[in-house]
Amino acid sequence: MTTLSITHSKRIVASLARTLALACYVVFALFPIYWLGKIALTPSKELFKNGTAWWPDSTTFEHFTTVVLHTDFLVFFQNSMIVSVSTAFFVTLFASAAGYAFSRFQFRGKNIAIFVMLLTQMFPLLMLIAPIYRIVSGLGLHNSLTSLIIVYTAFNIPFATFLMQSFFDGIPRDLEDAAMIDGCTRFQALRRIVFPLTLPGMAATLGFVFTAAWSELLFALMLIDSNEKMTFPSGLLNFVSKFGVDWGQMMAAGILALIPSCLFFIFIQRYLVQGLTSGAVKG
Amino acid sequence: MAEISFSNLSKNYGSIEVLRNINLYIKDGEFIVLVGPSGCGKSTLLRLIAGLETITGGEISIGSQIVNDLEPRDRDLSMIFQSYALYPHMDVARNMGFSLEIRKENKDKRQSLVAKAAKTLGLEDYLDRLPKALSGGQRQRVAMGRAIVRKPRAFLFDEPLSNLDAALRIGMRFEIAKLHQKLGATMIYVTHDQVEAMTLADRIVVMNAGEIEQVGTPIDLYEQPQTLFVAKFIGSPSMNIVPASQSDDGIELPGGKTVKPGGWSKNLNPVQLGFRPEHLSLVEIGKADCTGKAIVTEHLGSDTFVYVDVKGWDPVIVRQRGNSNIQSGTELGISFDTSRLYMFAKDGKTIRGTDT
Ligand SMILES: Nc1ncnc2c1ncn2[C@@H]1O[C@H](COP(=O)(O)OP(=O)(O)OP(=O)(O)O)[C@@H](O)[C@H]1O
Ligand SMILES: [Mg+2]
């Protein structure tokens, strides 16, 4: 009886500890966002009065309206949207094709291809900025959204390919074999069996690449000069002027910029739910 | 319906030789069972027939057509996978009807064929479920259903029953036997299960390390194994194999007596002697060919297996009818049925006696 209650209480302690650890992590991760929200809602003149109080004496939405109506925010937003959606689309397309090939076929040069892809991930971005700048201006693409899309796509493909490969690896080969015996060509087996089962993987890749492109700053700064071509992260720096930083507006813009990522993840999250392949094998 | 034949078939993966020198003719409507130790190439052979792997050398023909370069879908076969390989995103009906859907059968025909197969397999109540909501046995039946909705030229089975519990396995074995009778189709069946092999097969193909060791009816293989490997592989529990040395009067046994297997003559020089548990009898010590102590007895109800420790040999298994009551430690006398003794030469081949 005693041993039973000991294991029982041990289990309670363990589950409490787990909950506590998770709670700490969540607070830690969400705190910056809370602070963002708090400052965005604080009227400018009160910003430096209250010090680090948890909540301002009065709140206002004036920063939000100013940002949307009187700054280039909507332009940045639109540019970011174009760049991120295109990048996510192209990367997922290429990475799916490459990931499938890596997962299913043995071919000459496969190991070299994998090695080169890994290699590209090893250089610090700073080292690559100058050459990329030269290439982009050489092609006459300087100060265009196209240049960003190309560069982001190139940089995201390797990781996305490995990601997709692991999703394809998770789909039993027997399924394609069965489909081919049932009368499919390899391509039909891919489209009718493998593709539907890889949707979660594609959704994850889309989400990952979208977010990466959405928040990229370095290349956005280097390759874009004019305000009407700026994406959101570099646009944010416009709120820093010679005379000071407009914190309230900057934070409000930041909050608004979070919305698409959140919407995107809500939209794809039903595909992210695992277990789509369960039942394929005897298990 | 079709006959299938292999001539000099071989398969390599890079430098690894997985199958070599496979020659076999399978009659139309024959039930062939492939057996052999793990890794000997049984699944590979099935996949070659199905067209899922390309062959390295030789020829496969189905009907009278050489299919070496034919795509799987043009070979018109059905295969039931070890893993079942059900499409997880399709319900049972669609899983079963998928091959018809791909072949553009019209919907009414598809539905009626699926309904017919579902009735045969008792799956009518599950047609709109996803595979993940089925038990292992039900999944297995869906996999069967997928194979029988159309009339393929042959069926390929890769250990289809290996993950089912004993009762289900016996039930499904019976179903497969009935199916074979009803359809009369050529079937090639891989299994590790002795009973499945012996009961289902018209002929059994014993494979070893990428080669065919022996082909024959179950009784052939049981009574006339051509090699030590087949002798040990067929039969459960397997044949007792002991070292043999010969003298002028026959093969010497522990304890000083000798035994003359049927067809014995002086210059056969066997190095091993084999005898099945069911061909030994326990007799009084005085009349025995050799003696030993009982170590363990296993009671199966219908039979009793007695493990006997004979000096100089690995434990010998003796099969006794019914429930024999032998205490471990008892001294037992063993007597051989000399017509059922097998002699093996150094190269692992069975030695045929002079008069057999
Ligand atoms: N893609 C491959 N590349 C290299 N070797 C392979 C490949 N597929 C199979 N083999 C090898 O071929 C041999 C035969 O494999 P196979 O799957 O046919 O064995 P099996 O007789 O079906 O075994 P089991 O009874 O365990 O299913 C094995 O030694 C295996 O390692
Ligand atoms: Mg196998």
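These are my notebook entries on chain B of a predicted model, taking its sheets, its contact with chain A and its salt bridges in turn.

**Entry 1, the sheet with strand 1**

I began with the open sheet of chain B in which four strands follow the order 2-1-4-5, and I noted that the pairing is antiparallel. Its edges are strand 2, covering 16–26, and strand 5, covering 65–66 of chain B, and each of these pairs on one side only.

I then followed strand 1 of chain B, residues 4–13, towards both of its partners. Seven bridges join strand 1 of chain B to strand 2 of chain B, while five bridges join strand 1 to strand 4, residues 57–62 of chain B, and these two run antiparallel. Looking up single residues, I found B:Ile4 bridged to B:Ile26 in strand 2 of chain B and also to B:Ile62 in strand 4 of chain B. Further along, B:Ser7 has B:Glu59 in strand 4 of chain B as its bridge partner.

Strand 1 and strand 2 of chain B form a hairpin with two residues between them, and I noted that B:Gly14 in the turn has a positive phi of about 60°. I also looked at what lies across this sheet: helix 1 of chain B, residues 42–50, lies across strand 1, strand 2 and strand 4 of chain B, and runs at about 115° to strand 1.

**Entry 2, the sheet with strand 17**

Another open sheet of chain B has five strands in the order 16-20-17-18-19, and here too I recorded antiparallel pairing. Strand 16 (280–283) and strand 19 (316–321) of chain B each have a single partner strand, so one side of each is left without a neighbour in the sheet. From one strand to the next the twist averages 50°.

Within this sheet I checked strand 17, residues 290–299, against strand 20, residues 331–336 of chain B, and found four bridges in the antiparallel sense. B:Thr291 stands opposite B:Gly333 in strand 20 of chain B.

**Entry 3, the contact with chain A**

Next I turned to the interface, where 32 residues of chain B are in contact with 25 residues of chain A. The two chains bury about 2,400 Å² between them, with 59% of it on carbon and sulfur atoms. I listed B:Arg73, B:Pro88 and B:Ile102 separately, since together they supply 22% of the area that chain B buries against chain A, more than any other three residues.

For polar pairing between chain B and chain A, I recorded 10 residue pairs in polar contact, both residues being at pLDDT 80 or more. Several elements of chain B, among them helix 1, helix 2 (72–75) and helix 5 (136–148), each supply at least two residues of the side that touches chain A. Helix 3 of chain B gives the most to that side, with five residues. By residue class, the side of chain B that touches chain A divides into 15 nonpolar, seven polar and 10 charged.

**Entry 4, salt bridges**

Lastly I went through the salt bridges, which the rule counts at 15 over all chains. Two of them cross the interface of chain B and chain A; I looked up B:Glu101 with A:Arg192, where the closest N and O atoms are 2.4 Å apart.

Inside chain B, I noted the salt bridge of B:Arg150 with B:Asp76, with the closest N and O atoms 3.1 Å apart. This pair links distant parts of the chain, 74 residues apart: B:Arg150 is in the loop between helix 5 and strand 7 (154–158) of chain B, and B:Asp76 is in the loop between helix 2 and strand 6 of chain B.

Technical notes:
Residues are numbered from 1 along each chain as its sequence is written. Chains are lettered from A and ligands numbered from 1 in the order in which they are written. This is a predicted model: local features need pLDDT of at least 70, side-chain atom pairs count only at pLDDT 80 or more; totals for chains, interfaces and linings use all residues. Side-chain values use heavy atoms; hydrogens and water are left out. Two strands pair if DSSP finds at least two bridges between them. Contact means heavy atoms within 4.5 Å. Axes are lines fitted to C-alpha atoms, for helices over the stretch in contact, and angles run from 0 to 180 degrees between N-to-C directions. Buried area is the accessible area (1.4 Å probe) that two parts lose on being put together, summed over both. A salt bridge is a side-chain nitrogen of Lys or Arg within 4 Å of a carboxyl oxygen of Asp or Glu. A polar contact is a pair of N or O atoms within 3.5 Å; within protein, one must be able to donate a hydrogen and the other to accept it, and residues adjacent in sequence count only if both atoms are side-chain atoms. Ala, Val, Leu, Ile, Met, Phe, Trp, Tyr, Cys and Pro count as nonpolar, Asp, Glu, Lys and Arg as charged, and the others, Gly among them, as polar.
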